[in-house]
Amino acid sequence: MDKKFLKQLARWHEDDEFQKIVDAILALPEEERDYDLTGQLARALNNLEDYETAAEVLLTVEAEGQHDPLWHYRLGYAYYYSDRFGQAKERFEQVLRLTPDDQDACLLYTSPSPRDTERS
């Protein structure tokens, strides 16, 4: 992948310009979207609160993601914020199996679901 393109994606991420990331990646032919770009697309979709689409995108590279804690985290995040808490918990458990000291995954894994906090 073109380093200039990757640097631009990183700048947009730093500037919270997530829609630009989505548009740029989706403008590429599918055969040019590798595993890393798919992950970046899903991250941008999560940041745009399009969690269902982010999960769908991540599942297209499920076989490649099985040993990648970041893939599991991004999928867990998408599930968590789309109220699919059981599935989210499974993904965060996998992150913690692969990287036991991942504080972000631990926080979401141990957090009550937003539904649980609404009942309090």
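**Exercise 1. Two helices side by side**

Find how closely the axes of helix α4 (residues 51-59) and helix α6 (residues 69-81) approach and at what angle they cross, then decide how the two helices are oriented.

*Solution.* Keep in mind that you're looking at a predicted model.

Step 1: Two packed helices are described by the angle between their axes and the distance between the axes. Here, the axes of α4 and α6 come within 8 Å, with a crossing angle of roughly 150 degrees.

Step 2: Angles over 145 degrees count as roughly antiparallel. That's why α4 and α6 are roughly antiparallel to each other.

Step 3: Now for the handedness: α4 passes α6 in a left-handed crossing.

**Exercise 2. Who meets whom?**

List which residues of α4 and α6 meet, and sort them into nonpolar, polar and charged.

*Solution.* Step 1: From α4 you should pick out Y51, A54, A55, L58 and L59. Their partners in α6 are W71, R74, L75, Y77, A78, Y79 and Y81.

Step 2: Sort the residues of this contact, and you get 11 nonpolar, no polar and 1 charged.

**Exercise 3. A serine in a loop**

Locate S82, decide whether S82 is buried or exposed, and name the residues S82 touches.

*Solution.* Step 1: S82 sits in the loop between α6 and α7 (85-98).

Step 2: The cut-off for buried is under 20% relative accessible area. S82 has 16% relative accessibility, so S82 counts as buried.

Step 3: Leave out residues up to four places away in sequence, and S82 touches Y51 and E52.

**Exercise 4. Rings and more rings**

Work out how many aromatic pairs there are, then describe how the rings of Y73 and F92 sit relative to each other.

*Solution.* Step 1: Pairs count if the ring centres lie within 6.5 Å. By this rule, there are 7 aromatic pairs.

Step 2: In the pair Y73 and F92, the ring centres are 5.7 Å apart and the planes stand at 50 degrees, so the pair is tilted.

Step 3: This pair links distant parts of the chain, since Y73 belongs to helix α6 and F92 to helix α7, 19 residues apart. Both Y73 and F92 are buried.

Step 4: Zoom out a bit, and you'll find one aromatic cluster made of Y51, Y73, Y77, Y80, Y81, F85 and F92.

**Exercise 5. A closer look at F92**

Say how accessible F92 is, what F92 touches, and how far F92 is from H13.

*Solution.* Step 1: F92, in helix α7, has a relative accessible area of 0%, so F92 is buried.

Step 2: Skip residues up to four places away in sequence, and the contacts of F92 are Y73, G76, Y77, Y80, A105, L108 and Y109.

Step 3: F92 and H13 are 79 residues apart in sequence, and their C-alpha atoms are 23 Å apart in space.

**Exercise 6. Two odd phi angles**

Explain what is unusual about phi in D16 and D83, and compare where they lie.

*Solution.* Step 1: Most residues other than glycine have a negative phi. Yet phi of D16 is positive, near 60 degrees, and D83 has a positive phi of about 65 degrees.

Step 2: D16 lies in the loop between α1 (3-14) and α2 (18-27), while D83 lies in the loop between α6 and α7.

Step 3: D16 has a relative accessible area of 55%, so D16 is exposed. D83, at 46% relative accessibility, counts as partly exposed.

Technical notes: Residues numbered from 1 in each chain as written. Predicted model: local features only at pLDDT ≥ 70, side-chain atom pairs only at ≥ 80, totals over all residues. Heavy atoms only, no water. Axes fitted to C-alpha atoms, helices over the stretch in contact; angles between N-to-C directions. Helix = DSSP H or I, 4+ residues; strand = E, 2+ residues; numbered from the N terminus. Parallel < 35°, antiparallel > 145°, perpendicular 65-115°, else oblique. Left-handed = near helix turned anticlockwise from the far one by under 90°. Contact = heavy atoms within 4.5 Å. Nonpolar A, V, L, I, M, F, W, Y, C, P; charged D, E, K, R; others polar. Buried < 20%, exposed > 50% of the residue type's maximum accessible area, 1.4 Å probe, protein only. Phe/Tyr/Trp six-rings, centres within 6.5 Å; stacked < 30°, edge-to-face > 60°.
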